[in-house]
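Please go through the structure shown here with me, one question at a time. Each answer should give its reasoning and end on the value or name asked for.

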Amino acid sequence: MKRVYRSPTANRGFSLLEVLIAVVVLATGLLALAALQASLARASSEAKVSSRVAAMLTTRMDELRSLGYGNPALDTGTTNLSCASGSPAWVCNARNEAGVGALTVTQTTAVWSSAVGAGSFAQGARANTGDPEFKRVTLSATWTDAPNSNHSLS
């Protein structure tokens, strides 16, 4: 009978240590993917809310532009709007569609005027009726999300 001798370099297969190292590397990769998935879901949710609020502010600005220069909605001053009794429906609708806990919209209107022929405008009512003027409207929204984090957008 012929004996077959195997050299140590001719061994085939994996040792238990190699398999354990491969399992640890694979588990680490899978845990990193799970953490990435959770982070992406959270960022997607925040982006959805921000885009809904931005769309609401854009729509409101378009409504204000269509009202005309002398409309009382464009009077000088600051108005705070939130979803409470007597508030406009567009604020409550935006809050419900975005799924946020609280939504407050601040509308600030300022008049800027200039003397005829002047090179710049200054904030304040015009001195003469013939002087040019314009109104600057700023809309800002602040809201609270599910984990009670505060956000704002202008």
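Q: What is the sign of phi at the residue that follows helix 1, and near what value does phi lie?
A: Helices (H or I, at least four residues) and strands (E, at least two) are DSSP runs numbered from the N terminus. This is a predicted model, in which local features need pLDDT of at least 70, side-chain atom pairs count only at pLDDT 80 or more, and totals for chains, interfaces and linings use all residues. Residues are numbered from 1 along each chain as its sequence is written, and side-chain values use heavy atoms, with hydrogens and water left out. Helix 1 is followed by Gly68, with a phi that is positive, near 105 degrees.

Q: How far apart are the end C-alpha atoms of helix 1, and what span should its 52 residues have?
A: The expected span of a helix is 1.5 Å times one less than its number of residues. For the 52 residues of helix 1 (residues 16–67) that gives 76 Å, which agrees with the distance between the end C-alpha atoms, 77 Å.

Q: Which elements do the buried residues of helix 1 pack against?
A: Buried means under 20% relative accessible area, exposed over 50%, and partly exposed in between (1.4 Å probe, protein chains only). In helix 1 the buried residues are Val49, Val53, Met56, Leu57, Arg60, Met61 and Leu64. An α-helix has 3.6 residues a turn, so residues three or four places apart point the same way. The buried residues of helix 1 pack against helix 2 (89–98), strand 2 (102–113), strand 4 (133–144) and strand 5 (150–153).

Q: Which cysteines form a disulfide, and how far apart are their sulfur atoms?
A: A disulfide is a pair of cysteine sulfur atoms within 2.5 Å, and by this rule the count comes to one. The link of Cys83 and Cys92 is right-handed, with 115 degrees about the S-S bond. The sulfur atoms of Cys83 and Cys92 are 2.1 Å apart.

Q: Is Cys92 buried or exposed?
A: Its partner Cys83 has 25% relative accessibility and therefore counts as partly exposed. Cys92 is at 17% relative accessibility, so Cys92 counts as buried.

Q: Which residues do ring pairs link into a cluster?
A: Rings of Phe, Tyr and Trp (its six-membered ring) pair if their centres lie within 6.5 Å; planes under 30 degrees apart count as stacked, over 60 as edge-to-face and the rest as tilted. The structure holds two aromatic pairs. Trp112 and Phe134 have ring centres 6.2 Å apart and planes at 10 degrees, so this pair is stacked, while Phe121 and Phe134 are edge-to-face, at 5.2 Å centre to centre and 70 degrees between the planes. The ring pairs thus link Trp112, Phe121 and Phe134.

Q: Which ring does Arg136 lie over?
A: A charge sits over a ring if NZ of Lys or CZ of Arg is within 6 Å of the ring centre and within 35 degrees of the ring normal. Lys135 lies over the face of Tyr69, 4.6 Å from the ring centre. Arg136, at 5.0 Å from the ring centre, lies over the face of Trp112.

Q: What relative accessible area does Thr109 have?
A: Thr109 is placed in strand 2. Not counting residues up to four places away in sequence, Thr109 touches (heavy atoms within 4.5 Å) Leu74, Asp75, Thr76, Gly77, Lys135, Arg136 and Val137. Thr109 is buried, because its relative accessible area is 3%.
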